[in-house]
Amino acid sequence: MVVARSAKSYVDGQAGVFNLCGYDIRDVAEKISFEESTYLLWHGHLPTRSELTAFEQEFRAARSLPPELIAFLKTVPHDAVPMYALRTAMSVLGLQTMKELPAQTPGEALAIVKKLAVSLTVRMGMIVAAIHRFRQGLELPPVRSDLGEAAHFLYLLNGTEPGTDAADAFDTALVLHCDHGFNNSTFTARVVSSSLTDIYSVLVAAIGSLNGPLHGGANVQVLPMLQEIGDPANAEAWVLDQLKNKRVVMGIGHPVYKVVDPRKDPLKRMATKLTSQSSAKLISIAEKVEEVMAREKKLHANVDLYSAPLFHALGIPTDLFTPIFAASRTTGWLAQVMEQLEDNRIYRPECEYVGPPVGREF
């Protein structure tokens, strides 16, 4: 059911099309940076060179976390689920920085979101990196202003500057995950923002939605599946056994796409480019899983099937896959919230009542 109009992204599941502000994702995913895709979503057009330079400088100037938030993150149990830690950290950040009641008009709320958008995007990624560093008993390395967002995140995560191929591959992954129509977490963000609550509450709600195993949480289940299969020669029998026992095959199928997810191929190319011997085997297993599912069930690969091997090749722990998804999707959430607030009406849908007959005697 169509619930709103949007100029941000277009998804045609029957044709396997995903457009970002009119651009086919397959045309731009490997050619623009995460900063460029963010500018595109927030402004509706790609930046000129001078606009991009100024925008990148805004991102680099925003690379900081409040000392109080760092102190809180260091109290998070080392075995905590990172998405739970991220959700709570965003709430703590809002508690520290929002000292007034929510805006009273859509215009005031929109102005606040625009003012905070860059800082929120940058800090989401930094929080994810901090969660991982602190659970290892490590400090965040000093922030740098000479790296793009993708390279800087990997640097914060690992403490070393990534190579060009790794940074480019991760940059492409961020672009591919930045927005995707009215998915569950994006719709959540729009619904919550329509009440004119604060943007931190909106992001906490969106993170909670993304964490679900039927949404962004699905990507953490792909890598264990591929590792369980172990070898391409085992894949067909494993998939057939899953189907026989009516168990889900992760990374396959999509609630919208009835053909191949157009985000798959760029991710597969990036993962293949980075492959070590172990991750090369994972890609071969994924290809076989994809082949068998297409043949047996007419179901095709989604974005998760190859993002998992890519993140694995980059040395990213499995439980950070969904938080990284959140860090990328923050730009889309914010773009959609801005669009919602430009012509806001609170969401208040009807439901079909199926309870006892109306008018029961008390």
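Which element gives the most to the lining of the largest cavity? In this predicted model, the element is helix α7, which contributes five residues. By the rule applied here, three cavities of 30 Å³ or more are counted, and the largest of them holds about 150 Å³ of space. Its lining comprises 16 residues, of which T121, G125, E149, F153 and A327 lie nearest the centre. Two or more lining residues come from each of α6 (106–135), α7 (149–158), α8 and α16 (321–342).

The largest pocket has a volume of about 1,200 Å³. It is lined by 45 residues, and H180, N183, H254, P255 and V256 are those that lie nearest its centre. The elements giving two or more residues to this lining are β1, α14 (277–297), α15 and α16. Helix α16 thus appears in the list for the largest cavity and in the list for the largest pocket.

Helix α15, which spans residues 303–313, is largely enclosed by the rest of the structure, because nine of its eleven residues are buried. The buried residues are V303, D304, L305, Y306, S307, A308, P309, L310 and F311. The N-terminal end of α15 is capped by N302, a side-chain oxygen of which lies 2.9 Å from the backbone nitrogen of D304. Just after the helix, G315 adopts a positive phi of about 80 degrees. On the other side of α15 in sequence, K298 is placed in the loop between α14 and α15. Phi of K298 is also positive, near 55 degrees, in a residue other than glycine. K298 is exposed, with a relative accessible area of 59%, which is over the 50% cut-off for that class.

Most residues other than glycine have a negative phi. A further exception is C21, with a positive phi near 50 degrees. C21 is found in the loop between β2 and β3. At a relative accessibility of 17%, C21 counts as buried, since the class takes in values under 20%.

The strands on either side of this loop belong to an open sheet of three strands, ordered β1-β2-β3 and paired in antiparallel fashion. The edge strands are β1 (9–12) and β3 (23–24), each of which pairs on one side only. Strand β2 (residues 17–20) is joined to β3 by two bridges, and the two strands run antiparallel. N19 has D24 of β3 as its bridge partner. Of the strands in this sheet, β1 is listed among the elements that give two or more residues to the lining of the largest pocket.

Side chains of opposite charge can pair when their charged atoms come close. The structure holds 18 salt bridges. One of them links K273 with D165, with 3.8 Å between the closest N and O atoms. K273 lies in helix α13 (residues 264–274) and D165 in helix α8 (residues 164–177), so this pair ties together parts that are 108 residues apart in sequence. K273 is exposed, at a relative accessible area of 53%, whereas D165 is partly exposed, at 38%.

A salt bridge is also formed between the side chains of R247 and D241, with an N to O distance of 3.0 Å. Both partners fall in the partly exposed class: R247 has a relative accessible area of 41%, and D241 has one of 36%. The side chains of D265 and K264 meet in another salt bridge, at 3.2 Å from N to O. Here D265 is partly exposed, with a relative accessibility of 34%, while K264 is buried, at 8%. Elsewhere, salt bridges that share partners join R144, D146 and E161 into one network.

T186 is located in helix α9 (residues 184–193). At 0% relative accessibility, T186 counts as buried. With residues up to four places away in sequence left out, the contacts of T186 are D179, G181, R329, W333 and Q336.

Notes:
Residues numbered from 1 in each chain as written. Predicted model: local features only at pLDDT ≥ 70, side-chain atom pairs only at ≥ 80, totals over all residues. Heavy atoms only, no water. Buried < 20%, exposed > 50% of the residue type's maximum accessible area, 1.4 Å probe, protein only. Helix = DSSP H or I, 4+ residues; strand = E, 2+ residues; numbered from the N terminus. Polar contact = N/O pair within 3.5 Å; in protein donor to acceptor, adjacent residues only side chain to side chain. Salt bridge = Lys/Arg side-chain N within 4 Å of Asp/Glu carboxyl O. Contact = heavy atoms within 4.5 Å. Pairing = 2+ DSSP bridges. 1 Å grid on protein atoms, 1.4 Å probe; cavity = no way out; pocket = protein on both sides within 12 Å on 5 of 7 lines; lining within 4 Å. Points joined across faces, edges and corners; volume = space filled by probe spheres on them.
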